[in-house]
Every structure is written in C-alpha cells, then in structure tokens.
Amino acid sequence: MAEAIVETVCGYLSKRGVDKVASLKIAVGELQSVDEGILRFAVEELFKGRGVEVSSLIFEKEPAVFRCNSCGRTWRLEDLGIPEDAREAVHFIPEVFHVFARCPHCGSQDLEIIQGRGVYIGSLEL
Amino acid sequence: MDPRPLIISERLKDVKRVLAVVSGKGGVGKTLVASTMALALAERRVPVGLLDLDVTNPSCHVVLGVDPSKETPPEDMGVLPVSVHGLKFMSVAFYTRGEALPLRGVGVDDVFKEMLAITRWGRLEALIIDTPPGFGDVILDIANYIPDAGFIAVTTPSRLSVESLRRLAKTHLGGRVVGVIVNMVWKGYVPEGLGETGFKLLTTIPYCTELEEYLGNPGMLLKTEFAKRMGEALDLLLE
C-alpha cells in the first residue's frame with residue numbers, strides 16, 4: 001500500500017518536474033484496519049529513498065459507514081458484527097466483509113460502503 | 001486519488017504473458033479451461049500463475065483441490081500466491097473461506113484492483129486468468145489495467161454461445177481475442193458461425209464425461225482427453 005501511494009505521488013510529481021510536496025493527506029478507511037504507524041513509517045522511508053520531500057504528511061482516519069441497498073438503513077462498522085477472525089481477510093480484500101456481515105435490520109448482504117473502505121490519497125498540494 | 005492502479009503494472013512487470021479465459025455465456029467450461037491450461041503449462045515446467053477473478057463465485061480452487069479455509073497466501077510486502085501442483089495460485093476464495101461474495105459492480109472493480117495490487121507473482125512466463133461470464137467489470141478492468149492481456153474465448157457449439165462470440169468480435173474487446181476453444185463438442189460438430197468471428201480456432205474438445213470425477217485431482221485431470229486438447233491449444237498459442 002505504501003509502495004502504491006509513493007509510486008502514485010512520484011508519478012504525479014515527475015509529470016510536473018518537481019520533487020517537493022507541501023502537503024499530502026492520506027485517508028485511512030476504518031474497514032481495511034491499516035496500521036497507521038506502520039503505513040506512515042513505510043511511506044516516509046519510501047519518499048526518502050526516492051528523494052522526495054514532503055513538508056506535511058497527514059493521515060486522516062475515515063470511519064466506515066454502510067448503507068443497506070435492500071432496506072435503505074445506514075450502519076457503522078461495529079453494527080455489522082463482523083467476526084474478529086474475519087478481520088484479517090477484510091484487511092486484505094475489504095469487500096469480503098459482504099460474506100461475514102448482514103444488515104442488522106433486514107438481514108441482507110447487499111450492503112454498500114459509503115465511506116471508510118480503505119486507503120487513498122485525499123489531497124496533495126505542491 | 002486511488003493509489004492502486006499504478007502498482008498493478010509494477011506487480012505484473014515480470015509476467016511475460018497474461019491470458020484471460022473469457023466467454024459470453026456461463027457453463028461453457030472457462031474454469032476448467034483456465035485451470036487445466038495452467039496445470040498443463042506447469043507440467044511442462046513453464047513458470048505459470050493462475051488467478052481466479054470470478055470474484056463473486058470463484059471455483060478454480062475446486063478444480064485444483066485446494067481447501068481455501070485451510071490455506072492462506074503468505075503475507076510478504078503484499079501477499080504471495082499459494083503453490084499448487086507446480087503453479088502459483090491466487091483467488092478471492094482464500095479470503096471468503098470459499099463462500100459466495102455477493103457484490104455489485106463497484107465492489108467487483110475494487111476486488112479486481114485490490115487483488116492485482118497486493119499479489120506478488122514474481123517472474124512468470126504466463127499468467128492465466130479465469131473470469132466471470134459475460135463482458136462486464138472484470139473483462140473491462142483486464143482490458144484497461146492489463147493492456148497486453150490476450151483473451152482466450154471459450155464456447156460450446158450451441159448457437160446461443162456462438163452468438164455471444166459474434167457479439168464479442170464486434171466490441172472493442174474483439175481485437176484482444178488470441179483464439180477460441182470450442183468445448184463440449186458432440187459428434188464432431190463445430191458451429192459454422194465461428195468463421196464469421198475471424199477468431200483463430202485453438203482446439204475443439206469433445207464432451208468429457210470423466211471430468212467431474214477428476215475435479216480436485218490435478219494429476220488425474222492432466223491424463224484426460226480434455227488436458228490433451230489443452231496441450232494442442234497451448235502449442236498453437238505458444239508457436
């Protein structure tokens with residue numbers, strides 16, 4: 001994931017012929033349960049290795065919110081009762097939560113992730 | 001900004017050839033073709049991977065005899081595919097414990113990107129991909145994110161299936177088709193409509209009644225007429 005972030009940012013910078021970033025915000029969705037400390041360390045090290053200077057590197061936690069496409073109700077992650085031993089699978093492929101989660105109201109698995117799925121670049125300022 | 005697309009080409013940079021097994025209709029034998037083709041390449045000592053991208057309902061693990069609830073792809077700067085019968089295997093089934101994954105299109109697209117982004121294949125001569133029926137998200141994603149991927153189209157002699165091939169030939173994906181395999185042929189009948197598609201015929205496979213018995217037993221599967229015909233298709237593809 002860190003590699004993907006750094007590759008994407010470096011691709012963006014090289015197209016513009018620059019190697020400095022004023023501010024980089026990385027959103028960390030709750031569903032994927034990424035360890036923010038490890039991700040930050042890896043991203044910082046990879047940027048160093050690529051000679052890219054990032055003045056402000058901000059990680060923002062994004063709570064996971066789901067909507068049931070069957071009954072229309074919205075839920076938070078803790079409402080869905082995903083078993084603890086399934087969390088690692090969800091970490092690798094967040095969509096597999098559909099196997100383990102049901103809408104607490106109607107029992108449907110047709111749940112939509114409104115926010116907080118995984119990691120993405122929220123904003124980048126040069 | 002989604003960081004995953006850029007890493008997909010990085011993950012596949014040491015893969016010489018990507019072949020996606022596709023069809024317009026379900027039940028024509030894509031999974032068996034993809035799995036047996038990968039096994040046949042592994043038997044020839046060709047470094048090969050098999051990726052099951054039938055994400056909502058994967059079944060290559062059934063053909064290979066892998067119990068996804070007992071195997072986990074090892075984590076190492078991403079994940080490493082599982083070694084099975086000489087090939088490298090990856091499937092969403094490892095994460096769903098073999099259960100169905102009901103997903104809408106956006107979810108399928110996300111699983112595609114995630115699997116391609118996390119899996120470290122290493123050096124491969126060929127990566128065979130099993131796909132869901134039809135020309136939906138997975139096929140479009142392969143076309144967009146794996147620009148060099150070729151498609152192996154599978155059909156039965158049924159007019160319903162051949163008509164799908166004709167439609168495929170007319171789409172922007174038609175140029176990706178490197179050949180056609182006609183499966184479940186009875187009395188030597190090969191449909192006339194095939195010629196209209198302009199696709200190269202790789203092989204025809206008779207209806208093989210013993211296949212069901214050998215699901216989950218790659219060693220025996222490789223001894224079948226089905227596997228022999230797959231060898232013919234590979235000879236044409238690799239020539």
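## Helix 5 of chain B and its surroundings

Helix 5 of chain B is largely enclosed by the rest of the structure, because eleven of its 14 residues are buried. A residue counts as buried if 20 or more other C-beta atoms lie within 10 Å of its own, as exposed if 12 or fewer do, and as partly exposed in between, with C-beta atoms placed from the backbone. Helices (H or I, at least four residues) and strands (E, at least two) are DSSP runs, numbered from the N terminus.

This is a predicted model, in which local features need pLDDT of at least 70 and side-chain atom pairs count only at pLDDT 80 or more, while totals for chains, interfaces and linings use all residues. Residues are numbered from 1 along each chain as its sequence is written, and chains are lettered from A and ligands numbered from 1 in the order in which they are written.

**The enclosed helix and the contact between chains**

Helix 5 of chain B covers residues 105-118 and reaches 20 Å from its first C-alpha to its last, close to the 20 Å expected at 1.5 Å a residue. That expected span is 1.5 Å times one less than the number of residues. Among the buried residues of this helix are B:Val108, B:Val111, B:Phe112, B:Met115 and B:Leu116, and also the charged B:Asp110, B:Lys113 and B:Glu114. Their cover comes from both chains: it includes helix 1 (2-16) and helix 3 (87-92) of chain A, together with helix 1 (4-11), strand 4 (87-91) and helix 6 (137-145) of chain B.

Between the chains, 22 residues of chain B are in contact with 17 residues of chain A; contact requires C-beta atoms, placed from the backbone, to lie within 7 Å. Helix 1, helix 4 (93-96) and helix 5 of chain B each supply at least two residues of the side that touches chain A. Helix 5 of chain B gives the most, with seven residues. By class, this side of chain B has 14 nonpolar, two polar and six charged residues. In this count Ala, Val, Leu, Ile, Met, Phe, Trp, Tyr, Cys and Pro are nonpolar, Asp, Glu, Lys and Arg are charged, and the others, Gly among them, are polar.

In helix 1 of chain B, the residues B:Arg4, B:Leu6, B:Ile7, B:Ile8 and B:Arg11 are buried. The buried residues of this helix pack against helix 1 of chain A and against helix 5 and helix 6 of chain B.

**Strand 2 and the core of chain B**

Strand 2 (residues 48-52) of chain B is mostly covered, with five of its five residues buried. B:Val48, B:Leu50 and B:Asp52 lie on one side, and B:Gly49 and B:Leu51 on the other. The strand is joined in parallel to strand 5 (residues 126-130) of chain B by five bridges and to strand 4 of chain B by four. B:Leu51 stands opposite B:Ile129 in strand 5 and opposite B:Met90 in strand 4.

The largest nonpolar core has 106 residues, of which B:Ala38, B:Ile128, B:Ile129 and B:Ala153 touch the most other members. Such a core is a set of buried Ala, Val, Leu, Ile, Met, Phe, Trp, Tyr and Cys residues joined through C-beta atoms within 7 Å. Helix 2 (residues 30-43) of chain B gives the most to this core, with nine residues. Leaving aside neighbours within four places in sequence, the contacts of B:Ile128 include B:Ala34, B:Met37 and B:Ala38, as well as B:Val48 and B:Leu50.

B:Leu234, found in helix 11 (residues 225-238) of chain B, is partly exposed, with 19 other C-beta atoms within 10 Å. With the same sequence neighbours left aside, B:Leu234 is in contact with B:Met37, B:Ala40 and B:Leu41.

**Two sheets of chain A**

Chain A has two open sheets of three strands, compared below. Strands pair if DSSP finds at least two bridges between them. Angles run from 0 to 180 degrees between N-to-C directions of axes fitted to C-alpha atoms, for helices over the stretch in contact.

| Strand order (chain A) | Pairing | Average turn between neighbouring strands, direction ignored |
|---|---|---|
| 4-3-5 | antiparallel | 35° |
| 2-1-6 | mixed | 20° |

In the sheet of order 2-1-6, strand 2 (53-62) and strand 6 (119-125) of chain A stand at the edges, each with a single partner strand, so one side of each is left without a neighbour in the sheet. Six bridges join strand 1 (residues 20-29) to the antiparallel strand 6 of chain A, where A:Ala27 stands opposite A:Tyr120. Helix 1 of chain A packs on this sheet, touching strand 1 and strand 6, and its direction makes about 30° with that of strand 6.

Note on methods. Two residues are in contact if their C-beta atoms, placed from the backbone, lie within 7 Å.
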